[in-house]
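Ready for a few structure exercises? Take a look at the model below, then work through each task before you read its solution.

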Amino acid sequence: MIARLQLFLAQRLPLASSVIPAAGGARWPLHLVIAVMCFLASVALGITMTVSRVADDWSADLAGVITVQIKPRPDLEIESQISEAMRILSETPGILSATEIPQQSAAELLEPYLGSVELPDDIAVPHLIDVRLDADREPDLSALALRLQDAVPGAELDDHFRWKSRLAAFAGSLEGLALAALGLIIAATIGIVVFATRAAMEANREIIEVLHLIGARDVFIAGEFQAQFLWVGLRAGVLGAVGAAALLFALTLFSSGRGEFFLPGLGVTWTTYPALILVPLLSATVAFLTARTTALSVLSRTL
Amino acid sequence: MVRFENVGMRYGMGPEVLRDVSFQLSPGSINFLTGPSGAGKTSLLKLMYLASRPSRGQISMFGSDVSQLGREDMPDLRRRIGVVFQEFRLLDHLSAFENVCLPLRVATSPSANYEADVRELLTWVGLGERMNATPPTLSGGEKQRVAIARAVVAQPNLLLADEPTGNVDPEMGIKLLRLFTELNRMGTTILIATHDMSLVERTLEAGHLHIDGGNISTMREARVDPRGRPVELK
């Protein structure tokens with residue numbers, strides 16, 4: 001059946017064959033290496049997108065929220081400290097709400113660090129007030145912090161800036177690392193394709209000479225190599241991206257429900273997977289351009 | 001058409017294989033190049049089909065000084081030259097049909113424009129039933145006919161053939177020579193390198209160059225009929 005189909009195609013599409021023969025089995029190692037590169041690139045891309053999303057989620061969670069922390073003082077009634085702080089907050093323009101967090105909830109926040117044991121009464125657990133800000137007219141937080149400190153001894157305003165800036169720096173570092181990894185992977189892929197193109201040209205030197213002698217231009221010959229490497233890059237890219245997508249999906253399944261405490265889950269969202277399509281396209285483009293440039297460079301040194 | 005003036009050629013630092021070669025081929029002529037093995041026939045043909053450059057002297061092809069041409073000019077010049085290589089140099093992974101199409105394909109002509117002509121040409125050289133066969137499955141004579149078909153398919157201005165009848169029976173040899181004369185009648189200048197003196201004697205209108213020890217001598221000038229009448233085969 002296949003033989004008959006091939007004969008049919010050979011008769012109907014007599015010029016379908018490439019002028020430069022594909023290397024057949026010898027190309028499989030090349031597919032494998034580029035597929036591994038694309039797998040790594042896809043994983044790097046997936047991790048970058050996930051870290052970026054998680055950092056954004058964390059920042060969004062903290063946007064428009066500040067916390068007032070009041071440490072109990074032996075010389076003061078904690079209730080009067082809290083009510084004074086609440087009064088100041090309610091009088092400050094740009095604050096939507098101020099809610100005291102029950103001590104039970106505060107204790108739960110400490111649970112990951114201290115365990116689920118009953119806290120001794122002499123441990124002064126700070127009281128927390130969750131404050132929601134009006135995004136359209138946020139108050140002057142520095143002035144508010146000073147006013148709280150003056151009026152309520154032991155009160156501190158936490159605008160989470162330090163946490164957010166460290167989070168942004170962490171996310172930026174990870175993104176930078178992933179981009180550097182992507183750059184190295186692309187550079188390695190270019191090196192591999194340059195080597196493979198030169199090897200293919202050396203293996204087909206006799207054919208190239210015949211093509212030159214019957215009047216083929218360099219761009220025609222280079223076109224044969226670039227077309228072959230375009231498909232190698234695309235096929236290997238698809239293999240790598242599919243492998244990476246499977247890994248990321250498995251990691252997502254593994255990490256689902258593990259977003260405990262205040263950290264959101266680290267799983268890959270569905271929006272990440274379409275972005276992986278870029279990897280085979282990038283791989284094909286890199287292979288195409290590299291093979292073309294290499295072939296034209298080698299051919300320019302012939303007669 | 002083709003003019004060599006005091007051309008010398010050597011491979012690397014070796015001795016000269018061609019020495020002070022001077023001759024010219026008139027447009028529309030048929031010429032034979034004879035000489036013993038190792039005399040320099042193939043080296044001379046290499047210079048003519050632009051696979052090598054001379055060590056010295058001047059080569060003029062189609063009115064252009066070859067030494068003045070850049071790489072980018074070579075393809076256009078080479079497309080005006082058809083070559084039958086002694087060792088055929090067919091592409092083994094392509095069918096006979098695809099091999100013959102190659103000169104037209106590299107010239108980026110749409111395949112629909114020449115497929116029928118290529119089929120007709122292959123049928124004419126007796127390969128109508130072998131069009132889809134690849135060179136490794138063809139006999140020596142069949143390969144030679146594919147090589148000849150590939151050389152003439154684009155109707156070149158100059159045809160260079162290195163022992164084109166060496167692997168075919170006398171009857172096919174005569175038939176192929178008729179193909180060359182048909183091509184010559186349409187204006188193609190032809191140079192055939194051969195050991196077969198009977199071919200040279202049979203074609204009295206043809207010029208005869210003899211090369212020996214790297215030196216060339218003109219044994220007989222080609223006669224060109226200004227009315228374009230084909231040379232007569234005896």
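**Exercise 1. Place a helix on a sheet.** Which strands of chain A does α5(A) lie across, and at what angle does it run to β4(A)?

*Solution.* Bear in mind throughout that this is a predicted model.
- Step 1: look for the strands under the helix. α5(A) lies across β1 and β4 of chain A.
- Step 2: compare directions. The helix α5(A) runs at about 165 degrees to β4(A).
- Step 3: put those strands into their sheet. They belong to an open sheet of four strands, in the order β2-β3-β1-β4 of chain A, with antiparallel pairing. β2 and β4 of chain A have a single partner strand each and stand at the edges, so one side of each lacks a neighbour in the sheet. From one strand to the next, the twist averages 20 degrees.
- Step 4: zoom in on one pair. β2(A) and β3(A) run antiparallel and are joined by six bridges. For a landmark, find A:Ala98, which stands opposite A:Val131 in β3(A).

**Exercise 2. Find the two sides of a helix.** Which residues of α3(A) are buried, and which exposed residues does the face turned away from them carry?

*Solution.*
- Step 1: check the helix itself. α3 of chain A covers residues 78–91, which makes 14 residues. From its first C-alpha to its last it reaches 20 Å, close to the 20 Å expected at 1.5 Å a residue.
- Step 2: list the buried positions. In α3(A) these are A:Gln81, A:Ala85 and A:Leu89. They sit on the same side of α3(A) because they cover an arc of only 65 degrees around the axis.
- Step 3: turn the helix around. The face of α3(A) away from the buried side carries the exposed residues A:Glu79, A:Ser80, A:Ser90 and A:Glu91.
- Step 4: ask what the buried side meets. The buried residues of α3(A) pack against β1 (65–70), β2 (95–101), β3 (127–133), α5 (141–151) and β4 (155–158) of chain A.

**Exercise 3. Sum up chain A.** How many helices and strands does chain A have, and in what order do the elements run?

*Solution.*
- Step 1: count the elements. Chain A has ten helices and four strands.
- Step 2: read them from the N terminus. The order is α-α-β-α-β-α-β-α-β-α-α-α-α-α.
- Step 3: add burial and contacts. Chain A has 303 residues, of which 29% count as buried. Among its contacts with a separation of 6 or more, 86% are between residues 24 or more positions apart.

**Exercise 4. Describe the contact between the chains.** How many residues does each chain bring to the contact, and which helix of chain A gives the most?

*Solution.*
- Step 1: count each side. The contact takes 16 residues from chain A and 23 residues from chain B.
- Step 2: find the main contributor on the side of chain A. Helix α7 of chain A, residues 205–213, gives the most, with four residues.
- Step 3: sort by character. On the side of chain A that touches chain B there are 13 nonpolar residues, two polar and one charged.

**Exercise 5. Track down positive phi angles in chain B.** Where do B:Asp20 and B:Arg89 lie?

*Solution.*
- Step 1: start with B:Asp20. Although not a glycine, B:Asp20 has a positive phi of about 45 degrees. B:Asp20 lies in strand β2 (residues 16–25) of chain B.
- Step 2: judge its exposure. B:Asp20 has 15 other C-beta atoms within 10 Å, so this residue is partly exposed.
- Step 3: move on to B:Arg89. The phi of B:Arg89 is near 55 degrees, again a positive value in a residue other than glycine. B:Arg89 is in the loop between β6 (81–84) and α3 (96–106) of chain B, and counts as partly exposed with 19 C-beta neighbours inside 10 Å.

**Exercise 6. Examine one residue of a helix.** Is B:Val118 buried or exposed, and which residues does B:Val118 touch?

*Solution.*
- Step 1: locate the residue. B:Val118 is in helix α4 (residues 115–124) of chain B.
- Step 2: count neighbours. With 22 other C-beta atoms within 10 Å, B:Val118 is buried.
- Step 3: name the contacts. Leaving out residues up to four places away in sequence, B:Val118 touches B:Phe97, B:Val100, B:Cys101 and B:Val153.

Notes:
Residues are numbered from 1 along each chain as its sequence is written. Chains are lettered from A and ligands numbered from 1 in the order in which they are written. This is a predicted model: local features need pLDDT of at least 70, side-chain atom pairs count only at pLDDT 80 or more; totals for chains, interfaces and linings use all residues. The expected span of a helix is 1.5 Å times one less than its number of residues. A residue is buried if 20 or more other C-beta atoms lie within 10 Å of its own, exposed if 12 or fewer, and partly exposed in between; C-beta atoms are placed from the backbone. The arc is that of the directions from the helix axis to the C-beta atoms. Two residues are in contact if their C-beta atoms, placed from the backbone, lie within 7 Å. Two strands pair if DSSP finds at least two bridges between them. Axes are lines fitted to C-alpha atoms, for helices over the stretch in contact, and angles run from 0 to 180 degrees between N-to-C directions. Ala, Val, Leu, Ile, Met, Phe, Trp, Tyr, Cys and Pro count as nonpolar, Asp, Glu, Lys and Arg as charged, and the others, Gly among them, as polar.
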